[in-house]
Amino acid sequence: MTVPATVAELVREFRANGRIVIVGASLAGLRAAEALREEGFTGSLTIIGDEPHEPYDRPPLSKQVLKGWVAADHTKLPRLREVDAQWRLGVAATGLDRAARQVRTADGEQIPYDRLLIATGTRARQWPNPDEAALDGVCTLRSRDDAAQLQKALAAPPSRVLVIGAGFIGSEVASVCRELDLPVTVVERGSAPLVGALGGVIGEIAAEMQRDHGVDLRCGLGVSSLEGDAGGHVRRAHLSDGTIVDADVVVASLGSIRNVEWLEGAGLASGFWGVGCDAGGRAFDINGVVTDSIWVAGDVARAPHVLYEYQFLAMEHWDNAVLGAEAAAHNMVNLEPHYHPHLLLPGFWSGQFGVNIKSVGVPPFGDEIVFTQGSVKERHFAAAYGRRGRIVAAVTFDHGKWLEYYGKLIEQSGPFPPPPPGWDQPGDMKPIPAEFPQPGVPTAIPDVVLTGHDPSERRAEFRSRRR
Amino acid sequence: MRVAVDLNRCQGYAQCVYLAHEVFRLTGQEALTYEPNPDDERRLQVERAAAACPVQAIVIDRLDGVEGSATS
Amino acid sequence: MVEETPWQQALRYANRANPYPFYEELRRTPVARQPDGTYVVSTYQEIVTLLHDPRVSSDIRKLPVPVAAPAEGSAEAEPITEAVISLEPNIITQDPPEHDRDRRMMMPHFVGPPHSPHLISDLEPDIRRIVDGLLDHMQGKTRIDAVDEFAYPLPVTVICKVLGVPPDDEPRFHSWIETALDALDFGPEAASEEMQNRLAGGRRAVEEFEQFAAELLDRYAQQPGPGMLSAMVNEDGPEGGMSKGVLVSNALLLIFAGHETTVNLIAHSVLTLLRHPDALEKLRHRPELIVPGVEELLRFESSVQFWHTRSAMEDIHIAGTTIPKGAPIFLAYGSANRDPKRFADPDELDLERRDNQHLGFSQGIHFCFGAPLARLEVQVAVGEFVRRMQNPRLVEDPPPYRHNQIFRGPRHVLVDIDGIRD
Ligand SMILES: Cc1cc2nc3c(=O)[nH]c(=O)nc-3n(C[C@H](O)[C@H](O)[C@H](O)COP(=O)(O)OP(=O)(O)OC[C@H]3O[C@@H](n4cnc5c(N)ncnc54)[C@H](O)[C@@H]3O)c2cc1C
Ligand code: HEM
Ligand code: SF4
């Protein structure tokens, strides 16, 4: 047999009888499983998820679920087809042995695989002081159980809610509180809400929006400590400026942490940044060399993006999980040159304070912003982000029908500022600095070091710098 | 039954809202929210809504009725 | 004589029953400049792109040149669009922010308040009753005209009720609309003496129609009544109200758009299903297919074949062509909906077609305002027609067509039947 024929035979054999394990049974995991079957994979498929629930959708949690309109367990994801898999739900993967090709689980099993998909996503960063975090009424929001708990707390109703961190989830929580007519204080260390994602110019608009809706918004401040009552229920927070906020529900929305701990020691390019992979979802090992049997998708993946100078981007958004999973699944059962790249133009949406905020591209990649359509005053506008004379992202407030236009400009590396619209021009169309904060220094960085002298022996190694 | 809206695709045309307002709602002019697991009685309405969406953003479960198949 | 472009040929009355071969040729040049300087866009992707391009205006007053086709011989064709679409802007010929504001103001009167937009779904029993009545009325006949006896009366009755237009006035505005539509021509026949004569009549008809709408609105201003028009006159929302002229213009648009298109879709649906006995049979056995089926019919025989009021506000580079600033742009929805690059086997009727993101109602901010109503009417009407007609057979194929090119539809669809089920 010729080499190509042998390879083709191997692929056929793998599709028919191979073993695939998916770790992470949420959006990316489910969509990957469906796509594998759609691709004609008939071998054994095992899906390991540490949550006891079948895959559910998260975006409704911070919106309709918190509002009390939809029950937290009414968020099950629609299935696109039968997957015929072994579902190991409520069991965490605790380790990966790449040499033996096995995933270790919390209940002590070793599950063998020929190909593995890592889709373990992220979790909410907890309030850093464990005693304070354990107080009743201190919540985070990532899972369906979190949402059920927080919804109940909001329905009590509390005298005041304190939201720490005004990213998307924090802002959406604050919005729901106002819709429920609950007093809410938002404390944000940055200069305005959403600054990390959309920059200071848009952040300022988001800040006004919050204040107009009666949010007690305090920016440029941190929360130094939380204080509980004798019964162990949170009652107040001390802010970094010495002021005190009385609140009986505290939502810590401090961003996310990628679920990579179970990969420790496996020799993959995994760390606080996620799991490094190529644009087709193939995981990199610790040396930055691509692996043949391990794939990554969803929030936990970090891959280079052609439109953004091949920088490694993690896109913690819904469509990235869906499309990344589909691309990875396709590539898991195909060979070069039939790989599909996952070349998604990133995008997200957020509904808050009655406004639909949408974006395409990577706003923080830009350093300038220009308003292109509509009226900022009416919060009904489009704006574009640019860097070195090309458009890299756009954001709309209640102007979603136009986003597609900017998406196309970004894909074509169009000019910045973009050509002006024929009508409904905002008053001032001069580009201004977008005001993104300096990238913060992450905590607990594992340093990667190089060992060995001989070029053929040189290897990367993690030296974890745990606090 | 189970539904999801790909809100990246959704452009807020509200066609779904007019056809099944117990399941799909707008907050403000354009921000869509919905009941992801509506009662089965709503099926016809939801199917009408999904067919009417100008950008085909509404995903309906294709396995409905095969309960438990996801976790069996 | 210079050879006619595919677009000009598609517009010839002789080709009204089947413009599709010309569209196919047309799509070879996705953005095709016509001799009169109009740019006709015939492919799906390019139309969607332009529908979302803020450098494209829908405001007819910004059009620098008449949109009517030039004369075949010497006589200049007159700009007729203005005569047909009244001089005051309505939402279909407005750009943001006015468009968005006025559409926002009109919407609640049509669908109901934002938190419970139930008006359209509430109409379903009425629509069923009207459809039943029309079909019952045909009992005992062996030959019917699916246009005059079925497709026409339903939408006109419904829109009168929704808007609050007295049904007794129907014969009057029906004739104005017909006259105006017959006068509109974008093709090589526009310059013919006959069309020029029709044009004058069309103008008069629009004026009278406008007068009629203005008087109706005045009456409602003095004495509020049922329906959307009265609500538009009397109930200002948080953003205030519209000027009288804009109100009249939008009223005209609603009365007109509210039924002409729907008539053609019902008529075309009947015609198409009778031409595709397999599909008809399938629908009879699986009535739930009417929901995706109507979407397919919207794609297959688009009631709005193209729209003609757009123009470029800047030079726009698209599909290897530059549409120069100021040029009129026609978006040929009827062609895009048959674009093989977007739809697999576009000339096949597939009631279960997946991924059927057709442009029958357009996309972007001018997406059809009346779509939920139109869908409901057509689903009920065609669904019941299929269920109740016994052995329906097409008498004449192709049937005679109306003159109008945008609102393309059969003038009559004669059908022989064995009877009508209960
Ligand atoms: C409240 C909220 C609101 C959101 N709103 C929006 C929005 O409006 N727009 C938008 O674009 N995106 C939104 N997102 C983001 C979106 O939900 C995520 O991008 C998406 O869920 C990512 O899917 P995923 O499958 O990659 O990861 P996840 O959904 O995080 O799933 C990973 C799964 O793996 C499990 N897991 C982790 N470690 C292990 C292990 N060791 N063993 C077994 N299982 C493990 C986790 O428990 C989890 O079930 C929101 C997210 C949240 C939480
Ligand atoms: C099958 C029936 C119908 C079809 C195929 C149809 C099609 C269309 C199309 C293609 C447009 C966009 C035109 C453009 O390119 O700008 C449109 C706009 C419009 N339609 Fe319809 N229509 C139908 C029924 C109705 C009904 C029943 C009503 C009224 C109740 C209506 C009212 C309108 C209005 C007001 C607009 C302008 C919207 C705007 O510019 O914002 N239509 N329609
Ligand atoms: S019809 Fe489609 S685009 Fe419109 S609001 Fe519903 S989901 Fe969004």
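Biologist: How many residues do chain C and chain B each bring to their contact?

Modeller: Contact means heavy atoms within 4.5 Å, and on that rule chain C gives 24 residues and chain B gives 17 residues. Keep in mind that this is a predicted model, where local features need pLDDT of at least 70, side-chain atom pairs count only at pLDDT 80 or more, and totals for chains, interfaces and linings use all residues. Residues are numbered from 1 along each chain as its sequence is written, chains are lettered from A and ligands numbered from 1 in the order in which they are written, and side-chain values use heavy atoms, with hydrogens and water left out.

Biologist: What makes Glu124(C) and Arg48(B) a salt bridge?

Modeller: The term asks for a side-chain nitrogen of Lys or Arg within 4 Å of a carboxyl oxygen of Asp or Glu. Here the closest N and O atoms are 3.1 Å apart, so the pair passes the 4 Å cut-off. The count between chain C and chain B is one salt bridge.

Biologist: Why is Cys368(C) called a donor of the iron atom of ligand 2?

Modeller: Donors are N, O and S atoms within 2.8 Å of the metal (3.2 Å for Na, K and Ca). The SG atom of Cys368(C) sits at 2.3 Å, so it qualifies. Cys368(C) is the only protein donor of that iron, but water is not among the atoms, so sites may look incomplete.

Biologist: Which residues are the closest around ligand 3?

Modeller: They're Cys10(B), Tyr13(B), Ala14(B), Cys16(B) and Cys53(B), out of 13 surrounding residues, where near means a heavy atom within 4 Å.
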